[in-house]
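Me: I've just opened this one and don't know my way around yet. Can you walk me through it?

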There are 2 protein chains.
Amino acid sequence: MNGKPTIKDVAAKAGVSVSAVSKVLRDAYGVSDEMRDKVNAAVKELDYRPRTAARSMRGRSYSIGVVMPGIASSFPTQIAEEINDFFKPTPYQPIITVGSGMAKEQIEAAEALIDRQIDGIILISPWMDIAWVERLATRIPTVLVARNGIGRHYDSVTDNAFEGALAMVSHLVELGHRSIAYTSMGDGGLKRPYVLSHTSRQDGYEYAMKMHGLKPRTVISAYTEDGGYRAGCELLDGDEPPTAIFAGSDIAAFGVMRAAYERGLRIPEDLTVTGYDNVFASGLHGVDLTTVDQSSNRMGRTAAQLLLERIEGRTEVVCRIESPKLVVRGSSAPPAKRR
Amino acid sequence: MNGKPTIKDVAAKAGVSVSAVSKVLRDAYGVSDEMRDKVNAAVKELDYRPRTAARSMRGRSYSIGVVMPGIASSFPTQIAEEINDFFKPTPYQPIITVGSGMAKEQIEAAEALIDRQIDGIILISPWMDIAWVERLATRIPTVLVARNGIGRHYDSVTDNAFEGALAMVSHLVELGHRSIAYTSMGDGGLKRPYVLSHTSRQDGYEYAMKMHGLKPRTVISAYTEDGGYRAGCELLDGDEPPTAIFAGSDIAAFGVMRAAYERGLRIPEDLTVTGYDNVFASGLHGVDLTTVDQSSNRMGRTAAQLLLERIEGRTEVVCRIESPKLVVRGSSAPPAKRR
DNA sequence: CTGAAAGCGCTTACAG
DNA sequence: CTGAAAGCGCTTACAG
């Protein structure tokens, strides 16, 4: 046996018939416990997974279709929409699957797709450890979005988060801020240099602070409105509240703003708040958040393009790094003379 | 031949071999023009589409996998995420596909899924005409979200948009407004009662206005920030600018707000602006939009539940209508004494 | 309870 | 250029 194991391989290893394996797999009526155990052992040993395509020729595909209108409203959805647009004129159909921000769920989602015999896969902000990704990439054309590091078998598209964070800190320092805090999130156990963008943003922030002779001050919490709120509370209620808070994502910045308003602070008069991502809501009047745009409008297309090239045979690794740009709006201003 | 046509049926109809059909389909080398024409005619006549599952057993699946982290940031994405959560503990895997807000693209997206042998399909805000949907529903379990009317072969989940719009108008009238304009979007040629939610919102608005003895005034434009902006400009630059603008969607309301601010108007002192949907951004400090929440947090799960029941054999039609609720925030207030 | 055989709808060498 | 046959990896009656 070579390549992905089939039901035949399982049957051979377990020393039973193919139909018996099929029955155990489908939990069908009429199998002895002994048979079940033997088959399950063989399945586990071979790491066997039934192919949905073969299955659906007779039985069910266990696939549910969902058709929805456009979705470009956050970084991942924007990327997904561009991928979709890119493949429209080709015979390929993107099928999207949603995991959470956890490695385990993302692996499950990816495997569900592989069971469906996809020709290639794009992972957006993937939390899986790099060994898993490399293994995946030896089996199927793979492109990663928003994950740093150069792979051996896959392509990647990232923004230069280090540079983006650096630009933001420089902007704040130029305005006169000296006490600039940063909110980030945990690294999820990912090891350098194969980290997600936010780690690289944090690196950029810390590097820039030191470069300007300032002391970095990072609070770790979630990249959610609530996470930002908690980080904001911690910073603003502390001994020496900063004059500027650079949130690692716009969503978190919204939470920081809430904490600030709750304390009667005006933005930007009393406190400067900035973010990263340039999501739709950041541009709204009344929000007007200074942020960094990671040019996600190109990242999705680039990822799709790279995947297509791989499907068509390219094997050399390509790693594209887009340059982010600072978007200055009304939430940043010089610090108040005294507090 | 009965059921969906196969390559065999095409071959029989065209009077050629199965392999010949396969070659024409894949544009492979070595087919005469005559053969090509015969096959294409048969394909068209039978409305044949190759099954991706069978295809992928030897060749390509023409499916691209995209794995992305959570996406609940707009009405459709929120629905999609809940569907996803619902199926997590089941053996079914939702595969999401993105169309635009146009019937043609949505049909293409749906067909791409059917080619992949899905067991059931959920359509979110579908623009296809009802005959197409009914035909689909006779072939495969189908559930519609946010589309009015009771089907013969499919289930549906909607919010009571009429009631929601009515509640909003009553709120505005209670505040003292008499001149309340509304922004909607086109009906896309859909015929009553099988309309999308926004038509029903408009009906509710117009009914409520008449009920209060007021003259309805609706501007049609897109449900986008820009569409709202254009509608806002039209209303505010007109002869008798309204004291309140009820936008048919939050996104459009953001555009109306931009038009207002651009003209130096304060919200809510000089102009009341309200929306519908209660998207994330509406709750942000500085936006603080009065709106209607269509309890989309239940709609997705309900749709998934109904689909599962259909897959498992139910055939009676179920139509669930959720009650929306008014969310009063800072963008609505009594009209200025004089303008 | 277990297994040999047919078949799902395609594609792919291989003859003709 | 065209077609008969084998095969992809499963499931499904059907015997045993």
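What follows is a short chat about the chains, the DNA contacts and the aromatic rings.

Me: Before anything else, what kind of model is this?
Reply: It's a predicted model.

Me: OK. How many helices and strands does chain A have?
Reply: Chain A has 12 of each: 12 helices and 12 strands.

Me: And what does chain A span along its principal axes?
Reply: The C-alpha trace of chain A covers about 80 × 45 × 35 Å. Of the 339 residues in chain A, 56% are buried.

Me: Let's go to the DNA. Which residues come nearest to DNA strand C?
Reply: There are 24 residues around DNA strand C, and the nearest are Ser19(A), Ile7(B), Ser22(B), Tyr48(B) and Arg55(B).

Me: What part of the strand do they face, sugar and phosphate or bases?
Reply: Counting the atoms of DNA strand C within 4 Å of the protein, 65% are sugar or phosphate atoms, and the rest belong to bases.

Me: Which phosphate contacts can you point me to?
Reply: Here are a few. Ser22(B) has a polar side-chain atom 2.6 Å from a phosphate oxygen of DNA strand C. Ser32(A) also places a polar side-chain atom by a phosphate oxygen of that strand, at 2.9 Å. With Ile7(B), it's a backbone N or O atom that lies 2.6 Å from a phosphate oxygen.

Me: Which elements give two or more residues to that surface?
Reply: Helix 2 (18–25) of chain A does, along with helix 2 (18–25) and helix 4 (52–56) of chain B.

Me: And how does the surface near DNA strand C split by class?
Reply: The split is 11 nonpolar, seven polar and six charged residues.

Me: Switching to rings. How many aromatic pairs are there over all chains?
Reply: The count is 14. One of them is Phe162(B) with Tyr207(B): the ring centres are 5.3 Å apart and the planes are at 50°, so this pair is tilted.

Me: Where do those two sit in the chain?
Reply: Phe162(B) is in helix 8 (residues 161–175) of chain B and Tyr207(B) is in helix 9 (residues 197–211), so to speak a link between distant parts of the chain, 45 residues apart. Phe162(B) is partly exposed at 30% relative accessible area, and Tyr207(B) is partly exposed at 46%.

Me: What about Tyr205(B) and Phe246(B)?
Reply: Their ring centres are 6.4 Å apart with planes at 75°, so that pair is edge-to-face. It links helix 9 of chain B, which holds Tyr205(B), to strand 8 (residues 244–247), which holds Phe246(B), 41 residues away.

Me: Are those two buried or exposed?
Reply: Tyr205(B) is buried, with 0% relative accessible area, and Phe246(B) is buried at 0% too.

Me: Which rings form a cluster in chain A?
Reply: Phe86(A), Phe87(A) and Tyr92(A) are linked into a cluster by ring pairs.

Me: Which charged end sits over the ring of Tyr229(A)?
Reply: That's Arg258(A), 4.0 Å from the ring centre. In chain B, Arg258(B) lies over the face of Tyr229(B), at 4.0 Å from the ring centre.

Me: Last one: why call helix 5 of chain B largely enclosed?
Reply: Because 10 of its 13 residues are buried, the rest of the structure largely encloses helix 5 of chain B. Among the buried ones are Phe75(B), Ile79(B), Ile83(B) and Phe87(B).

Me: And how far apart are its end C-alpha atoms?
Reply: In helix 5 (residues 75–87) of chain B they are 19 Å apart, which agrees with the 18 Å that its 13 residues should span at 1.5 Å a residue.

Definitions and conventions:
Residues are numbered from 1 along each chain as its sequence is written. Chains are lettered from A and ligands numbered from 1 in the order in which they are written. This is a predicted model: local features need pLDDT of at least 70, side-chain atom pairs count only at pLDDT 80 or more; totals for chains, interfaces and linings use all residues. Side-chain values use heavy atoms; hydrogens and water are left out. Rings of Phe, Tyr and Trp (its six-membered ring) pair if their centres lie within 6.5 Å; planes under 30 degrees apart count as stacked, over 60 as edge-to-face and the rest as tilted. Helices (H or I, at least four residues) and strands (E, at least two) are DSSP runs, numbered from the N terminus. Buried means under 20% relative accessible area, exposed over 50%, partly exposed in between (1.4 Å probe, protein chains only). A charge sits over a ring if NZ of Lys or CZ of Arg is within 6 Å of the ring centre and within 35 degrees of the ring normal. A residue is near a molecule or strand if one of its heavy atoms lies within 4 Å of it. A polar contact is a pair of N or O atoms within 3.5 Å; within protein, one must be able to donate a hydrogen and the other to accept it, and residues adjacent in sequence count only if both atoms are side-chain atoms. Ala, Val, Leu, Ile, Met, Phe, Trp, Tyr, Cys and Pro count as nonpolar, Asp, Glu, Lys and Arg as charged, and the others, Gly among them, as polar. The expected span of a helix is 1.5 Å times one less than its number of residues.
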